[in-house]
Amino acid sequence: MAETALVTGAAGFIGRWVTKELLDRGYRVHGYDDFSGGSRENVAAFADDPDFTIVEGDIRDADRVAAQFDDVDICLHLAAEIDVHESLNDPGSHFETNVVGTQHVLEACRQTDTRLTLVGTCMVYDVADADGGIDEGHPVDPASPYAGTKLAGEDIAMSYYHGYDLPVTVLRPFNTYGPFQKASNAGGVVSIFTKRDLAGETLKIYGDGTQTRDLMYATDCARFIVEASTSDDAVGEVINAGTGEDVSINKLAELIATGDTGIEHVEHHHPQSEIDRLRCDPTKAHELLGWEPTVSLEEGVDRLRTWMCEKEI
Ligand SMILES: NC(=O)c1ccc[n+]([C@@H]2O[C@H](COP(=O)([O-])OP(=O)(O)OC[C@H]3O[C@@H](n4cnc5c(N)ncnc54)[C@H](O)[C@@H]3O)[C@@H](O)[C@H]2O)c1
């Protein structure tokens with residue numbers, strides 16, 4: 001009998017790629033999502049797969065979360081509110097989903113002795129030094145309620161590992177991009193720039209554009225999450241993933257802009273929540289899991305552009 005993975009946030013951008021990776025590896029996948037940030041469209045490709053089911057539900061509803069845990073072997077927890085700017089405007093909502101909701105998932109795992117992977121974020125880290133990458137020992141310094149609530153969720157998860165011996169793995173992927181990511185303000189910078197370029201609209205850079213990001217393609221991220229969720233060596237660990245290279249938002253805009261597309265700098269709404277430099281040191285993921293990213297930024301942007309053209313996004 002194939003193993004069953006419960007994926008919270010399965011209808012979201014990364015969740016649908018994780019779902020695909022698990023199905024490709026022979027898992028049965030049960031998705032749980034309230035479709036507040038994701039969509040049925042994101043998982044339409046799996047609708048006819050007998051190994052895939054998805055239920056609409058909120059992780060803030062403890063009973064409904066618990067009801068998803070029949071016959072589940074591993075839980076990959078991705079459901080979250082993810083908008084840094086929105087979290088500054090409405091921190092309570094991020095707290096309810098990212099902290100209280102995560103605790104509901106953890107409690108259901110504890111009751112059923114189910115292994116849990118908590119997908120955290122690189123946004124919990126303090127800014128990197130000029131040369132080095134950020135490894136898992138780097139200081140954390142959450143600069144927004146989004147980052148703060150994600151870090152709180154991590155801490156609670158690790159407390160279940162230490163306190164109840166629950167098999168928990170905490171992952172901190174760096175900024176991820178690719179098809180199915182939202183291209184609205186709440187989306188990722190690569191999707192937003194690519195969509196604007198295709199529409200012939202000016203690319204708008206918040207602030208001076210010298211801030212950098214380590215941009216990882218969606219399939220590399222999904223492979224990392226699934227590898228870590230199925231490796232015994234990853235239990236009790238916090239693991240980063242990224243390319244090990246960072247690119248400034250100015251350089252990224254130049255890479256994406258084609259033809260006459262203009263680039264302009266606009267005032268940052270929340271400069272205090274910006275992290276100036278984010279570059280991953282992915283050594284631990286490589287040593288522990290044998291994981292390495294395979295898609296270059298140029299190739300990833302090309303794939304995203306092709307997908308957006310096909311979908312007429
Ligand atoms: N996108 C990135 O660059 C990135 C990087 C590192 C970590 N992450 C983490 O990966 C995870 C997925 O992020 P994403 O970019 O795919 O975002 P996303 O918004 O596309 O996916 C999140 C999913 O969670 C669902 N959700 C939100 N609140 C919910 C609730 N209360 N109950 C049930 N479902 C709910 C949404 O409907 C959505 O489908 C998040 O935990 C995020 O913190 C993302």
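**View 1. Helix 7 lies across four strands**. Helix 7 (residues 218-230) crosses strand 4, strand 5, strand 6 and strand 11. Its direction makes about 165° with that of strand 6. Axes are lines fitted to C-alpha atoms, for helices over the stretch in contact, and angles run from 0 to 180 degrees between N-to-C directions. Helices (H or I, at least four residues) and strands (E, at least two) are DSSP runs, numbered from the N terminus. The model is a predicted one, in which local features need pLDDT of at least 70 and side-chain atom pairs count only at pLDDT 80 or more, whereas totals for chains, interfaces and linings use all residues. Residue numbers start from 1 along each chain as its sequence is written.

**View 2. Seven parallel strands form an open sheet**. The 7 strands follow the order 3-2-1-4-5-6-11; two strands pair if DSSP finds at least two bridges between them. Strand 3 (52-56) and strand 11 (238-241) are the edge strands, each pairing on one side only. On average, neighbouring strands are turned by 20° against each other, direction ignored. Helix 1 packs on this sheet and touches strand 1 (4-8), strand 2 (28-33), strand 3 and strand 4 (74-77). The direction of helix 1 makes about 165° with that of strand 2.

**View 3. Strand 5 pairs with strand 6**. Strand 5 (residues 115-119) and strand 6 (residues 168-173) run parallel and are joined by 4 bridges. Within this pair, Leu 118 stands opposite Val 170 in strand 6.

**View 4. A shell of 29 residues surrounds the ligand**. Gly 9, Gly 12, Gly 37, Gly 38 and Ala 80 come nearest; a residue is near a molecule if its C-beta atom, placed from the backbone, lies within 6 Å of it. Helix 1 (13-24) and helix 4 (91-112) are the elements that give two or more residues to the shell. Helix 1 gives the most, with 3 residues. By class, the shell has 11 nonpolar, 12 polar and 6 charged residues. Ala, Val, Leu, Ile, Met, Phe, Trp, Tyr, Cys and Pro count as nonpolar, Asp, Glu, Lys and Arg as charged, and the others, Gly among them, as polar.

**View 5. Domain 1 touches domain 2**. An automatic or database domain assignment gives the bounds of domain 1 (4-177 + 215-244 + 279-294) and domain 2 (189-211 + 246-277 + 302-311). Their centres, taken over C-alpha atoms, are 26 Å apart. In domain 1, 11 residues are in contact with 12 residues of domain 2, contact requiring C-beta atoms, placed from the backbone, within 7 Å. Helix 3 (residues 84-89) supplies the largest share of the domain 1 side, 3 residues. That side has 8 nonpolar, 2 polar and 1 charged residues.

Terms used: Two residues are in contact if their C-beta atoms, placed from the backbone, lie within 7 Å.
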